[in-house]
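Reader: Could you take me closely through one part of this predicted model, namely the place where the two chains meet, and then set it in its surroundings? I would like a connected account rather than a list.

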Amino acid sequence: MNTKDKILGRLRQGVREQFDMPDLSTLHPITFPDPVAQFIQKATTTAGARLIELPTGADLNQAVHEAYPQAQIFASNLPGIDVQLNPDTVAEARELTAVDVGIVQGCIGVAENACIWVPQAMKEKAICFASENLVILLQRQVIVNNMHEAYARISGSEEYFRDYKFGTFISGPSKTADIESALVYGAQAARSLTIILT
Amino acid sequence: MSTLHAKAAEAYLRNDDIVVRHDKTFFGVRQKRDNMAQALPEWEDLREAASQIKKHTVTHLADYLEQFEQNATRNGIHVHWAADAKEYNDIVYDILSDHNVKKVVKSKSMLTEECHLNDNLERRGIEVIETDLGERILQMMHLAPSHIVMPALHVHREAIGDCFRKWGLMNDLRPEDIPEDPNDPTFLTYVARLHLRKQFTEAQAGMTGANFGIASTGEVVVCTNEGNADMSTSIPKLHIVSMGIEKLIPDYASMGVFQRLLARCGTGQETTVYTSHFRGPRPGGEMHIVLVDNGRSQILSDAEHWQTLKCMRCGACMNTCPVYRRSAGYSYTYFIPGPIGINLGMLRDNRQYSDNVSACSLCCSCDNVCPVKVDLSTQIYRWRQQIDSLHRADATKKMMSRAMSFIFGHPRLYTRLVGSLHLARWVPKCIMNCRMNPWAYGHEMMKFPPKSFHQTWKELKPKEDENEHKG
């Protein structure tokens with residue numbers, strides 16, 4: 001008998017009593033009178049991100065450059081953004097560790113914890129993590145109350161995981177408190193996060 | 001005869017400063033958890049849902065594992081099954097050597113710790129780099145984790161700075177880059193950042209654990225604050241996931257419940273910075289998932305202890321445990337400390353790890369913070385009932401228990417003994433508080449009152465009866 005059958009056999013034999021899946025529709029998760037305001041508050045406090053509310057018609061490129069005036073290498077595959085590197089065309093993912101500012105599109109914002117759903121929409125997802133600084137573009141109408149609503153949207157949609165088999169929720173810049181519990185931003189991944197709300 | 005835990009804790013407690021700091025650090029995390037719990041009106045419903053989902057999943061685990069394997073395979077992931085640590089280590093080694101991997105970057109995983117993967121790979125010539133900052137510090141210092149979520153909080157910044165300097169991590173820095181306090185946590189984190197980012201670009205493979213496996217989609221979810229799991233899997237083309245079979249949950253609806261509980265309970269945050277869903281290999285890459293049993297299917301058949309399989313390793317039970325906070329991780333003989341570690345250790349080997357069952361005051365605080373409602377203290381109590389049959393009972397305590405049961409079984413003898421206890425008041429202090437008397441250890445012997453409770457009660461009772469008659 002192979003290992004898989006052995007394990008499954010032991011599991012089937014070992015169960016004494018089976019329990020039903022609970023009805024999760026009776027759970028009433030927290031909602032907010034103004035999810036966008038809640039999202040902004042969470043993003044800019046506990047999550048440690050910067051947030052720019054971009055007026056309609058404003059120049060996105062200019063906003064990105066103003067947010068990072070010292071930056072030299074910008075990377076993105078989004079249309080209309082001036083960049084030096086494109087995650088679709090770099091030969092190796094490690095090239096993206098040289099990026100000063102990576103710009104990606106977020107698809108769902110979560111008010112309760114400032115998580116932003118960033119599905120992989122580029123060949124090299126390293127742009128989301130290896131860039132020194134990350135900019136996520138987000139539309140205010142895609143902000144939901146809580147993670148339950150976010151997961152319901154993802155599982156109800158055909159568009160995620162279709163081209164690339166990865167997606168991540170990002171809430172703020174990379175951080176650690178592993179040295180004497182002192183909170184430090186910029187552990188291994190992006191040192192800062194700027195959310196541009198459109 | 002004290003347990004190994006008690007002896008190690010005694011040694012640890014000699015340094016007040018260290019104990020107070022450790023206690024405060026982890027109670028601080030516990031308080032942050034409380035703030036999170038109080039901020040959500042549905043908190044208790046979430047815990048109940050999480051507990052029920054886990055009960056359902058582990059009692060249908062074979063079916064869900066098959067579904068998971070099917071979906072993962074369809075997504076282009078290679079799924080492997082390992083019955084024990086040896087088979088697991090061999091599978092990982094074979095995958096790595098097939099791909100000519102010389103260096104692997106790895107994010108935190110208690111399962112690899114459980115199976116001693118790092119030593120095993122290093123012995124066979126593959127360099128393993130831990131990429132969680134805490135884990136990397138411990139790896140460089142040749143230390144084991146002292147906590148499952150915050151593994152290196154017991155190491156002080158000076159020691160970390162010295163370690164980084166010894167390893168040459170600051171060699172490339174210019175003198176003006178080094179701040180006035182060369183052990184400043186922000187600076188040390190920056191030094192580690194430069195070091196680790198170099199490792200990500202050099203490694204040929206990335207390894208991660210799995211916080212959750214989702215059966216309905218065949219994907220794994222990894223949660224980190226540092227982004228190290230993502231760095232480890234975005235640059236190297238080979239990704240190997242190590243997953244204990246109990247980490248499975250049914251679907252995305254369940255995922256919402258667990259994502260919301262994990263960070264809130266573990267570190268007192270609303271979320272980890274990254275919650276990453278891996279549903280297949282990256283373009284041009286390869287992804288493997290190794291499903292590891294290593295005793296878990298045995299736990300399921302244990303009528304009294306199967307619910308430990310619900311655990312999602314958040315560490316909340318350690319942070320709240322008064323014994324863990326004041327004795328720290330290394331006092332325990334199993335590699336996972338605290339209430340969950342006591343239980344997992346006993347399930348691993350109930351003779352080898354029985355020294356830890358004494359590390360509990362039965363205050364039950366762990367039961368109340370556990371996000372999946374594992375009845376941790378009840379289980380520890382049950383283990384204690386078995387200690388004697390395992391021939392691991394303390395001889396002195398056993399003798400005392402026998403004597404007490406004899407005395408309690410003979411009421412007249414009991415009354416006479418209690419009646420004469422006040423004579424102990426005349427025994428000189430130096431004799432009463434000598435080391436021979438276990439009740440005078442760590443504090444002075446209690447003072448016996450001149451009259452026993454029974455005597456006082458008898459004297460008071462007639463008055464009450466009179467009152468009742470009057471009424």
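Author: In this predicted model, the contact between the two chains draws 72 residues from chain B and 61 residues from chain A. On the side of chain B that touches chain A, the greatest contribution comes from helix 10, residues 185-202, which supplies eight residues. Sorted by class, that side of chain B holds 33 nonpolar, 25 polar and 14 charged residues.

One helix pair that spans the two chains can be followed in detail. Helix 1 of chain A (residues 3-14) and helix 4 of chain B (residues 61-74) have axes that come within 8 Å and cross at roughly 150°. Because an angle over 145 degrees counts as roughly antiparallel, helix 1 of chain A is described as roughly antiparallel to helix 4 of chain B. The residues that make this contact are L8(A), L11(A) and R12(A) from helix 1 of chain A, together with L61(B), A62(B) and L65(B] from helix 4 of chain B. By class, the residues of this contact between helix 1 of chain A and helix 4 of chain B divide into five nonpolar, no polar and one charged.

A helix pair within chain B can be set beside this one. The axes of helix 3 of chain B (residues 43-58) and helix 12 of chain B (residues 252-266) come within 10 Å, and they cross at roughly 125°. That angle makes helix 3 of chain B oblique to helix 12 of chain B, and the crossing in which helix 3 of chain B passes helix 12 of chain B is left-handed. On helix 3 of chain B the contact is made by L46(B), A49(B), A50(B) and I53(B), while helix 12 of chain B brings S254(B), V257(B), F258(B), R260(B) and L261(B). Taken by class, the residues of the contact of helix 3 of chain B with helix 12 of chain B comprise seven nonpolar, one polar and one charged.

As for the wider setting, the domain assignment divides chain B into domain 1 (1-23 + 315-393), domain 2 (40-116 + 204-313) and domain 3 (413-470). Taken over C-alpha atoms, the centres of domain 1 of chain B and domain 3 of chain B are separated by 33 Å.

Finally, there is the predictor's own confidence to consider. Chain B has a mean pLDDT of 93, with 98% of its residues reaching 70 or more, and for the complex the predictor gives an ipTM of 0.98 and a pTM of 0.93.

Notes. Residues are numbered from 1 along each chain as its sequence is written. Chains are lettered from A and ligands numbered from 1 in the order in which they are written. This is a predicted model: local features need pLDDT of at least 70, side-chain atom pairs count only at pLDDT 80 or more; totals for chains, interfaces and linings use all residues. Domain bounds come from an automatic or database domain assignment. Axes are lines fitted to C-alpha atoms, for helices over the stretch in contact, and angles run from 0 to 180 degrees between N-to-C directions. Helices (H or I, at least four residues) and strands (E, at least two) are DSSP runs, numbered from the N terminus. Angles under 35 degrees count as roughly parallel, over 145 as roughly antiparallel, 65 to 115 as roughly perpendicular and the rest as oblique. A crossing is left-handed if the near helix is turned anticlockwise from the far one by less than a right angle, and right-handed if clockwise. Two residues are in contact if their C-beta atoms, placed from the backbone, lie within 7 Å. Ala, Val, Leu, Ile, Met, Phe, Trp, Tyr, Cys and Pro count as nonpolar, Asp, Glu, Lys and Arg as charged, and the others, Gly among them, as polar. pLDDT is the predictor's confidence in each residue, from 0 to 100.
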